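Ready for some practice in reading a protein structure? Work through each exercise yourself before you look at the solution.

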Amino acid sequence: MLQDILINTYNPDPVARNQAEAALEQYLHNSGAFYSLLDFTKAQDISRDLRLAASIVTKNKARSYWRTDEEVLPISSEEKETCKALLLEILLVETDTAIRGMLAETVRTIAEFDFPARCVLFGLT
C-alpha cells in the first residue's frame, strides 16, 4: 500500500498524483505511520527512488509528529522513542547521500522539540 502511494506521488498525471497525495495524508494519520516510513527507508530490497521518497516524507512530516498542538499527527511517546532509535540506526549505515541528508534533517527537526529534556537520541538526557 505505502509503496503504491509513494510511486503515485510522482505520477505525471495530476489526477493520479493528487489521489496519491490525499491517500498519503490519510495514511499518515494511522498509528505507526512514521515508523513505517522509517522502516521503508531502511529496506534495501526497495528501489532507491522509493526509499528516497519515504525519507523525504519522513523529513517533511517529522515536525507534524513531534508538535504538541492540535495539528499534531498521532504518535505515542513510546513510538517516538522507537522511531528515534531506528532513525539513528538507519542514519549510521545509510550510504546514499541524498537519503542520509533527509534523515539528518529529520534528526535536526526532532532535536528542536526534544532537546534537552527528551534528547535521548544521542544518549543525552
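**Exercises on a predicted model**

**Exercise 1.** Sort the residues that line the largest pocket by class, and find which helix gives the most to this lining.

*Solution.* Begin with the classes: the lining has six nonpolar, two polar and three charged residues. The model is a predicted one. Next, list the residues: Leu6, Thr9, Tyr10, Glu21, Leu24, Glu25, Ala53, Ile56, Val57, Asn60 and Lys61. The charged class covers Asp, Glu, Lys and Arg, so in this list look for Glu21, Glu25 and Lys61. Now turn to the helices: H2 and H4 are the elements that each give two or more residues to the lining. H4 gives the most, with five residues. To finish, the volume of this pocket is about 170 Å³.

**Exercise 2.** Describe the fold in terms of helices and strands.

*Solution.* Count the elements to get six helices and zero strands. Then read along the sequence, which gives the pattern α-α-α-α-α-α. Now look at how the chain meets itself: of the contacts with a separation of 6 or more, 60% are between residues 24 or more positions apart.

**Exercise 3.** Find out which residues have the most contacts inside the largest nonpolar core, and which helix gives the largest share of this core.

*Solution.* First, a general idea helps: in soluble globular proteins, nonpolar side chains tend to be buried together. Here, buried residues make up 42% of the 125 residues. The largest nonpolar core has 32 residues, and those with the most contacts inside it are Leu6, Leu28, Phe34, Leu38 and Tyr65. Elements that give two or more residues to this core are H1 (2-8), H2 (14-27), H3 (33-42), H4 (48-66), H5 (77-93) and H6 (97-114). The largest share, eight residues, comes from H4. For a closer look, pick Leu38: leaving out residues up to four places away in sequence, Leu38 touches Thr58, Cys83, Leu86, Leu87, Ile90 and Leu103.

**Exercise 4.** Work out how the rings of Phe34 and Trp66 are arranged, and whether these residues are buried or exposed.

*Solution.* Two values are needed, because a pair of aromatic rings is described by the distance of the centres and the angle of the planes. For Phe34 and Trp66, the centres are 5.4 Å apart and the planes are at 65°. An angle over 60 degrees counts as edge-to-face, and that is the arrangement of this pair. Next, locate the partners: Phe34 is in helix H3 and Trp66 in helix H4, 32 residues apart. Both Phe34 and Trp66 are buried. Finally, widen the view: Phe34, Tyr65 and Trp66 form one aromatic cluster, and the whole structure has two aromatic pairs.

How values were computed. Residues numbered from 1 in each chain as written. Predicted model: local features only at pLDDT ≥ 70, side-chain atom pairs only at ≥ 80, totals over all residues. Heavy atoms only, no water. Core = buried A, V, L, I, M, F, W, Y, C linked by side-chain atoms within 4.5 Å. Buried < 20%, exposed > 50% of the residue type's maximum accessible area, 1.4 Å probe, protein only. Helix = DSSP H or I, 4+ residues; strand = E, 2+ residues; numbered from the N terminus. Contact = heavy atoms within 4.5 Å. 1 Å grid on protein atoms, 1.4 Å probe; cavity = no way out; pocket = protein on both sides within 12 Å on 5 of 7 lines; lining within 4 Å. Points joined across faces, edges and corners; volume = space filled by probe spheres on them. Phe/Tyr/Trp six-rings, centres within 6.5 Å; stacked < 30°, edge-to-face > 60°.
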